[in-house]
Amino acid sequence: MFLKGFYCSPVTPDRLACHINFANFKCSELDFLNYLTLFKVYSSILAKAILTNVKIIIEIANMSKFGNEKKVILDSALSVDKSNTFIWLAKSFDPVILKISLWENHPPFHVPPRKINDEFCLFVAEGKCRMTVNQETRILEPGDCVLLPIYTEHSYTIAEDCEKLSFYIIHILFDNFNISPFKSFISPFQKLTNSETFLAELHDLTALSRRDFESASILLRYLLKNFITEKIIADEFILNEGKQYSRRIQAALRYIQHQFTASIGIRDIAEHINLKPARFRKIFGDEVGITPSKYLKQIRLFAAARELARYDDPLSVVAEKSGFSSENYLCLEFKRHYGMTPKDFRLRMRE
């Protein structure tokens, strides 16, 4: 039926009657209601079509020159703690590689319980190793490894049913001996994710160290970073930044780290944090666990060990760079701490 005199302007259906010329309009009330219903239906369809077209236009506008692609935002994919651990690994993990070596052993072979003055890593390549760490004993097979913080008691031997045992050993020093990253592993006993590739790379770096130790050390640091990255992802490495000290002791530790090469003593450190020497010794001992003099000496000894492992400078230069007043004093304290002279230590690292 044709509605003469009906026109449609932007109005709502309930106001439709206001726009009808009833003088020229000829239809029954029932027809009018039917048309009103149809109007509502078509209006709804039209509105949906418009919205659909708008969405399509928006999608087309968002397309790149390659097609329908969308960048995925991962702002909340990592927890704050895990993000901070990755940042620490990227910016702060810079160990000094003292030595890397491959050992082949046959019965009888046994290393008795001991504590050593560096971080210790052992990666089994062949056979079975019976390893004990802090009274926990495990049998390590190829692809298994152990990473121990400084002064951790351990012993190891060839397993009873094994005729040949091969493993790689890495000795490491970190800048802050009081906070060892190896303490952040949930267990000192670990397993390589891709043992065949890792051990092959370790084999080549061990060989390279005989020709260019510094280059081998750089590449080994990358290898260890990749290993720790895998453990962070697997939640097997949770960064332990050590004990939280008071602000004054933190300031004292920073001062020692930055000034240990200079001729500083306890009085200088105490004055830096506005404490009397006696009071400073008491607070430092209570929080750190050792005297400030011993801590300063250990920082200097570790610095000397790093210099000896990396460079061929004369001992007089090593003493100066590490804060010792003389070559003789360095040799005396170094042998007391490491059980060997600086010269023997350097030779051992290069063997």
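**Rings, core and hollows in a predicted model**

Let me begin with a single residue, Phe334, which is buried, with a relative accessible area of 0%. Before I go further, I should say that what we have above is a predicted model, and that everything I describe this morning is computed from it.

Phe334 has a partner, and that partner is Phe345, which also counts as buried, at 4% relative accessibility. How far apart are the centres of the rings of Phe334 and Phe345, and at what angle do their planes lie? The centres are 5.2 Å apart and the planes stand at 75°, and because planes over 60 degrees apart count as edge-to-face, that is the name this pair receives. Phe334 belongs to helix α10, residues 327–338, while Phe345 belongs to helix α11, so the pair ties together parts of the chain that are eleven residues apart in sequence.

That is one pair, and the structure as a whole holds 20 aromatic pairs. A second one that I would like you to find is formed by Phe123 and Phe198, whose rings are 5.1 Å from centre to centre with 35° between the planes, which makes the pair tilted. Here the pair links distant parts of the chain, since Phe123 sits in strand β3, residues 119–126, and Phe198 in helix α3, residues 195–209, 75 residues apart. Are these two residues buried or exposed? Phe123 is buried, with a relative accessible area of 0%, and Phe198 is buried as well, with a value of 8%.

If you follow the ring pairs outward from these two, you reach a cluster in which Trp88, Phe93, Phe123, Phe174, Phe182, Phe185, Phe198, Phe227 and Phe237 are linked.

Two members of that cluster, Phe123 and Phe227, bring us to the largest nonpolar core, which has 28 residues, and in which Phe123, Ile170, Ile172, Leu202, Leu220, Phe227 and Ile228 touch the most other members. Which elements supply at least two residues each to this core? They are α2 (80–92), β1, β3, β6 (144–148), β8, α3 and α4, and of these it is α4 that gives the largest share, with seven residues.

From the core I turn to the empty spaces. A search of the whole structure finds one cavity of 30 Å³ or more, and the volume of this largest cavity is about 30 Å³. Its lining is made by Val96, Ile97, Phe213, Glu214, Ser217, Arg221 and Arg310, and the elements that give two or more residues to it are β1, here residues 96–105, and α4, residues 213–233. Helix α4 appears again with the largest share, this time four residues of the lining. Sorted by class, the residues around the largest cavity are three nonpolar, one polar and three charged.

The second largest pocket holds about 410 Å³ of space. There are 20 residues in its lining, and those nearest its centre are Arg114, Ile116, Asp118, His171 and Arg348. Strands β1, β2 (110–114) and β8 (165–173), together with helix α11 (342–350), are the elements that give two or more residues to this lining. By class, the lining of the second largest pocket consists of twelve nonpolar, three polar and five charged residues.

One of the residues nearest the centre of that pocket, Arg114, also lies over the face of an aromatic ring, that of Phe120, at 5.4 Å from the ring centre. An arrangement of this kind is found once more with Lys321, which lies over the face of Tyr311, at 5.7 Å from the ring centre.

I will close with some details of the backbone. Which two residues does a cis peptide bond join? They are Pro107 and Pro108, with omega at about -5°, and Pro108 is found in the loop between β1 and β2.

Then there are two asparagines with positive phi. Asn134, although it is not a glycine, has a phi of about 50°, and its place is in the loop between β4 (129–133) and β5 (136–140), where Asn134 is exposed, with a relative accessible area of 53%. Asn274 likewise has a positive phi, near 60°, and lies in the loop between α6 (266–272) and α7 (277–288). With a relative accessible area of 65%, Asn274 is exposed too.

How values were computed
Residues numbered from 1 in each chain as written. Predicted model: local features only at pLDDT ≥ 70, side-chain atom pairs only at ≥ 80, totals over all residues. Heavy atoms only, no water. 1 Å grid on protein atoms, 1.4 Å probe; cavity = no way out; pocket = protein on both sides within 12 Å on 5 of 7 lines; lining within 4 Å. Points joined across faces, edges and corners; volume = space filled by probe spheres on them. Nonpolar A, V, L, I, M, F, W, Y, C, P; charged D, E, K, R; others polar. Phe/Tyr/Trp six-rings, centres within 6.5 Å; stacked < 30°, edge-to-face > 60°. Buried < 20%, exposed > 50% of the residue type's maximum accessible area, 1.4 Å probe, protein only. Lys NZ or Arg CZ within 6 Å of the ring centre and 35° of its normal. Core = buried A, V, L, I, M, F, W, Y, C linked by side-chain atoms within 4.5 Å.
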